[in-house]
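Dear colleague,

Please find below the structure that I am handing over to you, with its sequence. I should be grateful if you would read the notes beneath it with the coordinates open.

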Number of protein chains: 2
Amino acid sequence: MSHPAAPTNLNKLKYFQFDKVINEDPLTHSLTLLGTFPSPDEVQDRVTAIVRVEKTALDAGTAEHLFAADGLVRRVALEESTDIYTWLFGWLGEERERDIKINIVCPATEVHICKYTRQNIVMVRETPDLYGSIVKPYITAFPKSRTQWVENILLGLSEQDKILFSSPDFVILPDMKWDLKTISSLYLVALVQDRGIRSLRDLRKQHIPLLKAIRSEGERVVEEKWALGKGAVRMYIHYQPSYYHFHVHIVNANQVGMVGMAVGQAHLLDNVISLLEIESENGPATFERIVLTYGLGDQHGLFEAMQAASA
Amino acid sequence: MSHPAAPTNLNKLKYFQFDKVINEDPLTHSLTLLGTFPSPDEVQDRVTAIVRVEKTALDAGTAEHLFAADGLVRRVALEESTDIYTWLFGWLGEERERDIKINIVCPATEVHICKYTRQNIVMVRETPDLYGSIVKPYITAFPKSRTQWVENILLGLSEQDKILFSSPDFVILPDMKWDLKTISSLYLVALVQDRGIRSLRDLRKQHIPLLKAIRSEGERVVEEKWALGKGAVRMYIHYQPSYYHFHVHIVNANQVGMVGMAVGQAHLLDNVISLLEIESENGPATFERIVLTYGLGDQHGLFEAMQAASA
């Protein structure tokens with residue numbers, strides 16, 4: 001049964017007295033409001049209420065008719081169009097706030113289609129043996145052209161105006177995905193100069209000073225440049241990474257719904273440092289011996305070999 | 001400059017020939033379509049295009065006027081109302097698909113308000129010393145009433161019809177957050193009988209058989225009951241957990257945007273097993289010595305003490 005104060009129709013909802021926004025999530029397009037409704041009895045004046053409003057999902061069943069003559073989209077406004085990329089906003093009716101963002105890639109190649117297509121993710125267990133027989137050869141054969149952009153940054157040939165910190169060991173600069181403005185989605189990346197570290201698997205006790213320097217300079221940069229205090233960023237390492245030149249992701253700690261941040265895909269820099277620190281002085285290396293388990297999309301270059309080996 | 005095939009207005013968009021939906025994300029309310037636009041030249045007939053459509057975010061600036069007489073919401077339909085919880089759908093205009101979901105808690109207590117209010121997350125580093133001086137006493141003082149529901153399940157007093165697997169060591173059942181229907185968001189939990197394991201910090205080499213049994217029974221259950229193959233679930237342990245009775249989360253591997261899954265909040269069961277396996281036979285325990293770094297919301301019971309200690 002419904003509580004007598006529950007606002008079950010629009011007439012009752014109209015008596016909502018807004019107090020403040022207590023949460024706002026651009027990822028899920030939701031707003032949470034705090035306020036009051038009139039009391040159903042005379043004991044108290046108003047009743048405190050939380051109202052959470054979220055946009056509905058887009059129905060895949062309507063996909064075919066979105067842009068048709070009798071389709072859902074009634075009006076669009078061009079935001080930008082450069083080369084093959086076009087951004088627009090769309091309205092599902094007149095005289096109202098815009099309803100949708102539209103991103104278009106046209107013409108689209110097979111690579112674009114693969115990138116935008118939902119992949120089925122399967123967890124695979126990479127033992128040291130499978131690393132040696134499948135993953136290491138894959139990394140060695142990884143086309144040099146795919147990390148040319150990293151080389152260009154490290155050699156001082158490109159994006160030098162963006163660099164936030166530089167030492168003989170590594171540079172820190174904004175990640176391409178960040179808009180450089182929205183602090184809540186702050187995203188930096190640290191790229192190391194040492195080409196010998198291809199991935200997490202190559203980290204040894206000797207790398208502790210490098211990893212600690214990335215940690216302290218990362219914290220210093222976000223404090224000096226964006227006044228973010230201690231503990232304001234989450235730093236992590238991808239495995240598998242999207243390119244095999246060692247790098248660390250530096251992301252606002254409040255940004256927790258990101259895909260690349262999921263356990264099994266990401267390893268916290270702090271925990272990696274701690275594991276190396278407790279490693280015995282002359283014993284075998286932790287990242288040489290550990291089984292690393294992670295999700296692989298079915299379009300990933302390692303998918304078939306790793307799945308066959310796990311079966 | 002824009003590519004000649006780029007559809008920069010609604011007139012051009014209307015010529016989109018829909019092929020199929022290549023991605024659909026209910027979390028971000030987006031749809032990605034594959035199709036074609038007419039070619040601008042005579043070399044080819046049609047040009048392949050990807051069109052990604054996403055709902056716009058709700059503007060916090062409009063929050064005050066959502067339900068007012070001249071507000072954005074023109075119509076609502078009651079979905080359900082039980083006790084203090086009310087669910088409705090809302091329309092921002094007539095003759096169209098519903099635009100928003102509305103969840104209301106009324107009357108709302110301080111506990112509800114705290115739960116729905118955005119918390120500022122700060123990363124803290126828990127050394128073994130801080131575990132001993134701050135966290136362990138907090139766990140010991142944790143009210144027994146908060147885990148009574150776990151005891152009731154383990155003692156066979158409640159939710160027995162939901163249990164998917166039971167042994168003298170642990171049970172597996174659906175998590176409260178799962179709707180028991182949507183396979184893509186499958187969410188189970190394994191609760192262990194051993195009350196001595198309060199958290200990740202208590203795991204030792206001797207627990208390897210228990211952890212491996214959870215892993216294999218978890219995989220067996222999702223295969224037998226939902227025909228999910230090998231590697232279809234991601235299993236992880238929270239630290240800090242929301243209650244200090246050892247449990248493992250078992251979630252569809254394709255579900256990657258969940259908050260509780262973020263690195264620094266979650267530890268992959270597989271990696272925990274592997275770390276215990278490479279631990280030396282009679283040496284000190286890894287989870288006794290490691291520094292555990294995680295994000296704490298500013299309303300968490302450990303927040304003030306841990307932040308003061310990290311300063």
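The notes that follow treat the relation of the chains, then the helix packing, and lastly a few individual residues.

Please bear in mind throughout that this is a predicted model.

**Relation of the two chains**

Two copies of a chain are related by a rotation about an axis and a shift along it. Here, a turn of 180 degrees with a shift of 0.1 Å along the axis lays chain B on chain A, with an RMSD of 0.3 Å. That is the relation of a two-fold axis. The interface agrees with this description in the following respect: 99% of the interface residues of chain B are interface residues in chain A as well, so the copies meet through the same surface.

**Helix 5 and helix 6**

Two packed helices are described by the angle between their axes and the distance between the axes. In chain B, the axes of helix 5 and helix 6 are 10 Å apart, and the packing angle is about 155 degrees. Helix 5 of chain B and helix 6 of chain B are therefore roughly antiparallel, the threshold for that term being an angle over 145 degrees. The crossing of helix 5 of chain B with helix 6 of chain B is left-handed.

From helix 5 of chain B, the residues in this contact are I208(B), L211(B), K212(B), I214(B) and R215(B); they meet L269(B), D270(B), V272(B), I273(B), L276(B) and E277(B) of helix 6 of chain B. Sorted by class, the contact of these two helices of chain B holds seven nonpolar and four charged residues, and no polar ones.

How much of helix 6 of chain B is buried? Nine of the ten residues of this helix, which spans residues 269-278, are buried, and the helix is mostly covered. Among the buried residues are D270(B), N271(B) and S274(B), alongside L269(B), V272(B), I273(B) and L276(B).

Chain A has a corresponding pair to inspect. Helix 5 (residues 208-226) and helix 6 (residues 269-278) of chain A have axes that come within 10 Å and cross at roughly 155 degrees. These two helices of chain A are therefore roughly antiparallel to each other, and helix 5 of chain A passes helix 6 of chain A in a left-handed crossing. On the side of helix 5 of chain A, I208(A), L211(A), K212(A), I214(A) and R215(A) make the contact, and on the side of helix 6 of chain A, L269(A), D270(A), V272(A), I273(A), L276(A) and E277(A) do so. The class count for this contact in chain A is seven nonpolar, no polar and four charged residues.

**Helix 3 and helix 8 of chain B**

Helix 3 (residues 128-140) and helix 8 (residues 303-310) of chain B have axes that come within 10 Å and cross at roughly 150 degrees. That makes helix 3 of chain B roughly antiparallel to helix 8 of chain B. The crossing of helix 3 of chain B and helix 8 of chain B is right-handed. L130(B), I134(B) and V135(B) from helix 3 of chain B meet A305(B), M306(B) and A309(B) from helix 8 of chain B. The residues of this contact comprise six nonpolar, no polar and no charged.

**Individual residues of chain B**

A6(B) lies in the segment before helix 1 (10-13) of chain B. Its relative accessible area is 2%, and A6(B) is therefore buried, the limit being under 20%. Sequence neighbours up to four places away aside, A6(B) touches S81(A), T86(A) and K12(B).

H112(B) is placed in helix 2 (residues 110-116) of chain B and counts as buried at 15% relative accessibility. Beyond neighbours within four places in sequence, H112(B) is in contact with I50(A), I84(B), Y85(B), V105(B) and P107(B).

D175(B) is found in the loop between strand 9 (170-174) and strand 10 (187-192) of chain B. D175(B) is buried, at 10% relative accessibility, and touches Y187(B), L188(B) and V189(B), residues up to four places away in sequence not being counted.

R220(B), in helix 5 of chain B, is partly exposed, with a relative accessible area of 32%. The C-alpha atom of R220(B) is separated by 33 Å from that of H29(B), the two residues being 191 apart along the chain.

With kind regards

Terms used. Residues numbered from 1 in each chain as written. Chains lettered and ligands numbered in written order. Predicted model: local features only at pLDDT ≥ 70, side-chain atom pairs only at ≥ 80, totals over all residues. Heavy atoms only, no water. Least-squares fit on C-alpha atoms with pLDDT ≥ 70 in both. Contact = heavy atoms within 4.5 Å. Buried < 20%, exposed > 50% of the residue type's maximum accessible area, 1.4 Å probe, protein only. Helix = DSSP H or I, 4+ residues; strand = E, 2+ residues; numbered from the N terminus. Axes fitted to C-alpha atoms, helices over the stretch in contact; angles between N-to-C directions. Parallel < 35°, antiparallel > 145°, perpendicular 65-115°, else oblique. Left-handed = near helix turned anticlockwise from the far one by under 90°. Nonpolar A, V, L, I, M, F, W, Y, C, P; charged D, E, K, R; others polar.
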